[in-house]
Amino acid sequence: MQKAKRTKTKDELMTSAKNILIQDGHEVLTVRKLSEVTGFSHTSLYYYFSDLQHLLWELRISMIEDMIQELSLPTSSMTDPVSEIIEAFTRYADYFIEHPTVFRFFYFHAFQEPENDNRFRQLEQRFQGMWHSSFTRLILDGVIAPENLETVATSMIYMVQGLLLLSFQSNKTQLDIHREITNCFRYLLESQLKKGEIHEKS
């Protein structure tokens, strides 16, 4: 009973902390701020989180799970694997366009990973697994060679993250980002396809 109550209270604290982060950014989130919002004393909060870094790490894990759940929703049925992968990464970009403070939190906060905590690596595997079927289709259709998969996938992620940074620092619209993802990805994948055709002929 006591354990269930502790879990419920911790979940409520996490929800409040998450709301602060989404609305105002992780820079604003402090133990004092969370205490003010929730009405819990500093001492009570340390019962659930050893320090601020512990709270931020728990938030990171929880918010990655939120993102995976949202991005795992069914996509439109497509016969073209290139369009399928473009849609998948466009949804990834849309998530951060709608949650810019989460993007800053994920990519600009220096996290301190606790020892013997492998949850982040497990989430990374789940995250990469979301696009596994799309990339597999690209290989089966001969668009990219298996040995180039990691490089192509990494290039795509960096492209999208770079476009997101530009969108936050300029007047680029969501439609602009969609268009640029489509153009960049098609160029990259067509280049890979042409490279494969040249190798086959030689």
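By class, the lining of the largest pocket comes out at 16 nonpolar, 5 polar and 2 charged residues (Ala, Val, Leu, Ile, Met, Phe, Trp, Tyr, Cys and Pro count as nonpolar, Asp, Glu, Lys and Arg as charged, and the others, Gly among them, as polar). The model is a predicted one, with local features needing pLDDT of at least 70, side-chain atom pairs counting only at pLDDT 80 or more, and totals for chains, interfaces and linings using all residues. Residue numbers run from 1 along each chain as its sequence is written, and side-chain values use heavy atoms, with hydrogens and water left out.

The largest pocket has a volume of about 630 Å³. Here a pocket is an open set of points on a 1 Å grid over the protein atoms alone, with protein on both sides within 12 Å along at least five of seven lines; a cavity is a set where a 1.4 Å probe fits but cannot get out, and lining residues have an atom within 4 Å of a point. Grid points are joined across faces, edges and corners, and a volume is the space filled by probe spheres set on the points. Of the 23 lining residues of the largest pocket, Glu124, Phe127, Gln128, Trp131 and Ile157 sit closest to its centre. H4, H5, H6 (100-108), H7 (119-129), H8 (132-140) and H9 each put at least two residues into this lining, and H9 gives the most, with 6. Helices are DSSP runs (H or I, at least four residues), numbered from the N terminus.

H9 (residues 149-169) also packs against H5 (residues 81-98), at an angle of about 35 degrees and with the axes 10 Å apart; axes are lines fitted to C-alpha atoms over the stretch in contact, and angles run from 0 to 180 degrees between N-to-C directions. On the H5 side, Ile85, Phe89, Tyr92, Ala93, Phe96 and Ile97 meet Met156, Ile157, Val160, Gln161, Leu164 and Phe168 of H9 (contact means heavy atoms within 4.5 Å). That makes 11 nonpolar residues, 1 polar and no charged ones in the H5 contact with H9.

As for cavities, there is 1 of 30 Å³ or more, and the largest has a volume of about 40 Å³. Val31, Leu34, Leu45, Tyr46, Phe49, Asp51, Leu52 and Leu55 line the largest cavity, a set of 7 nonpolar, no polar and 1 charged. H2 (31-38), H3 (42-48) and H4 (52-71) each supply at least two of these lining residues.

On confidence, the chain averages a pLDDT of 88, and 93% of the residues score at least 70 (pLDDT is the predictor's confidence in each residue, from 0 to 100).
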